[in-house]
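Please look over the structure shown below before reading on. The report that follows moves between single residues, strands, helices and the chain as a whole.

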Amino acid sequence: MKSKNLKHILVSALLLCSLPGYAHKTTPEWIRNAVFYDIYPSSFMDSDGNGIGDIPGIISKLDYVKSLGVDAIWMNPIFESGWFDGGYDIKDYFKVDPRFGSNADVKRLVEEAHKRGLKVCLDLVPGHSSNQAEWFIKSATEGPDGRYADYYIFSDVISAKDSADIIKRRALEDPDNSKLGPWVPTEEAKTGKPLNGKYRGNFYLKNYYPCQPALNFGYANPDPSKPWQQPVNAPGPKAVRRELKNIMAYWFDLGVDGFRVDMAASLVKNDKDKKETMKLWKEMREWIDREYPGKVLISEWGVPEQALPAGFDVDFLLIHRSPGFKQLTRGSVKDKSVGEDAYFVKNGKGGIDKFIEEYGKKYSDTRDFGYISLFSANHDINRLNSEGRDTPDQIKTFMTFLLTTPCVPFIHYGDEIMMRNVKGLPSVEGSREERSGTRTPMQWDNSPSAGFSSASPKNLYLPIFTDNGKLTVATQDKDPNSVLNFVRELIKVRHEHPALANDGDWQTLSDINNPYPWIYSRNNGKDTYVIALNPGEKKAEAIVEIPAAKSLQPILVNGKATTYITKKGIRIKLAGISSAIFKINK
């Protein structure tokens, strides 16, 4: 990209990010400065010694979660599941899976979390159920007048290409393959009960994996020649919407504070511009605000300019949909690993231009409606400590970025103690090898099973890798220079300085053509802070103009950083792999 264009991008980003912003009028105030901690329930804490985490185990570790300084917990699905896709194939939306405990345990978790000032959000999967769900079994076997007949989408006829994809999937013996065709033969559904040859249709539409039949929210532009394409206001889609409200109401009544919504944009089919899907969520938002005010909706949508006006309070910026976020964390690699040209690796070959351009526009376009979320990792995305990022200073530098950027940060459990993303692990419950490494058990201490379980290491949900006890809570808690204690301090700084909150102004000050170091400011109209990042292993410096600044007061430094007042501005020098937060004194 030419320098002139880069300059234009930078100026545009500065202007866009300086506009006044207000969250969605019904967004709770606490979201303004919230930091979330995300927990994969099977891997956090095992209370009964079976090698799998559970809700009582999470309750037992709430004091630790509180010690981080975070404001809320998001848990991956805890509902009764077929366990083909890590809990995202739900059999019963109203029942906790027995492996995790009971519905009463959820109520107790919420109560104990609230005592500690923590919010609790569950994971909602509205686009599909398991094909073992009673809803699906009844829908597949009942006649056209049955209650559940049109809860799903069935057809007797599919295209030649779809038929060929089914044959190919069978030949590959790969039921995991989500990319081969949208239709699945109903007779192949592993419902756990005989269908006796009586089907609602010969094929059903899947939403992701073949075992995940799409719930019927209707079609935005139904084709009259295809009777399975029902309009959004048909009886079946309307009934499914009522069920969605019933599900949320049940858990709201138990005290949960909100939901992260899986594949939130996937509900209405043939909805290219997502207008009908947006209408659906606006309906849900209006209902929630009327019946359950103060509850939070977080979307896995990846297009905040659609999701936030539709009524979500927060939308995840997804790496596969965000060239900018990918530029920072993954570089140009095609998979979920870390490439050598990612900005946050030590060889200094990365860039920031795509992120500044993309994020600047998305942030300014949506800040009147809600918040964008960035994350350290999650159950699908490699941990921070993976190839290319494997030292404490590197993790601290990324965390400085995450916790000083205008977003709702999500910290993946264990990233605060630098847990490793291990390759070559077995696929467990649909994790596939590439996702197993980010779902390993939490490492509490250096005992044989890392304090996660009383079970032997061979019986754990996935293996542990503590690096001789270094990557554990017990070790890092005692080390004032550990990643754990640095993250705690970062969160404290974020909360104590309102200009670093989720909706303060954000401006890049350094030269976008020379991204090492990257220097940006945060401002709330009263105080201004400067953040300097150098994830490269070589020392770096830049001169930035900060009008009326007399000095920069260090607030939190990782590595080594120095500042000098010059005639041209303020010179900021950073050692290799360093970061710093300064407050401007005027």
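Which residues does Gly430 touch, not counting those up to four places away in sequence?

## Gly430 and its loop

The model is a predicted one, and in it Gly430 touches Phe84, Asp85, Tyr209 and Arg435 once residues up to four places away in sequence are set aside. Gly430 itself is found in the loop between β13 (408–412) and α13 (432–436), and because its relative accessibility is 10%, under the 20% cut-off, Gly430 counts as buried. From the C-alpha atom of Gly430 to that of Ile352, which is 78 residues apart from it along the chain, the separation is 34 Å.

## Overall dimensions

For a chain of 586 residues, a compact globule would be expected to have a radius of gyration near 25 Å, and the value computed for the protein, 25 Å, agrees with this. Taken along the principal axes, the C-alpha atoms fill a box of roughly 80 × 55 × 45 Å, and the secondary structure comes to 15 helices and 21 strands.

Of the 586 residues, 61% are buried, while the accessible surface comes to about 22,900 Å², with 50% of it belonging to carbon and sulfur atoms. Among the contacts with a separation of 6 or more, 68% are accounted for by residues 24 or more positions apart.

## Nonpolar cores

The largest nonpolar core holds 152 residues, and of these Tyr37, Trp281 and Trp518 touch the most other members. Helix α7 (residues 235–253) gives the most to this core, contributing eight residues. Apart from it lies another core, of 15 residues, which includes Val530, Ala542, Leu552 and Ile572.

Helix α5 (residues 134–141) has Trp135, Phe136, Ile137, Ser139 and Ala140 as buried residues, and the buried residues of α5 pack against β4 (90–96), β6 (154–155), β8 (203–205) and α7.

## Strands β2 and β17

Strand β2 (residues 72–75) is covered on both faces, with Ala72 and Trp74 buried on one side and Ile73 and Met75 buried on the other. The strand is joined by four bridges to β1 (residues 36–39), the two running parallel, and here Tyr37 stands opposite Ile73. Three bridges join β2 to β5 (residues 119–124), again a parallel pairing, in which Ala72 of β2 stands opposite Lys119 of β5.

In a regular strand the side chains alternate between the two faces of the sheet. Strand β17 (residues 540–544) follows such an alternation, with Ala540, Ala542 and Val544 pointing to one face and buried, whereas Glu541 and Ile543 point to the other and are not buried. Five bridges join β17 to β20 (residues 569–574), and these two strands run antiparallel, with Ile543 standing opposite Arg571 in β20.

## Asn502

Is Asn502 buried or exposed? With a relative accessible area of 0%, Asn502 is buried, although it is found in a loop, the one between α15 (483–496) and β14 (505–508). The side chain of Asn502 reaches the backbone oxygen of Ile31 at 2.5 Å.

Leaving aside neighbours within four places in sequence, the residues in contact with Asn502 include Ile31, Arg32, Asn33 and Ala34, together with Tyr363, Tyr371, Pro406, Cys407, Val408 and Pro409, and also Arg494 and Arg522.

Conventions: Residues are numbered from 1 along each chain as its sequence is written. This is a predicted model: local features need pLDDT of at least 70, side-chain atom pairs count only at pLDDT 80 or more; totals for chains, interfaces and linings use all residues. Side-chain values use heavy atoms; hydrogens and water are left out. Buried means under 20% relative accessible area, exposed over 50%, partly exposed in between (1.4 Å probe, protein chains only). A polar contact is a pair of N or O atoms within 3.5 Å; within protein, one must be able to donate a hydrogen and the other to accept it, and residues adjacent in sequence count only if both atoms are side-chain atoms. Contact means heavy atoms within 4.5 Å. Two strands pair if DSSP finds at least two bridges between them. The radius of gyration is taken over C-alpha atoms; the globule rule is 2.2 Å times the number of residues to the power 0.38. Accessible areas come from the Shrake-Rupley method with a 1.4 Å probe; for residues, only the protein chains shown count as cover. A nonpolar core is a set of buried Ala, Val, Leu, Ile, Met, Phe, Trp, Tyr and Cys residues joined through side-chain atoms within 4.5 Å.
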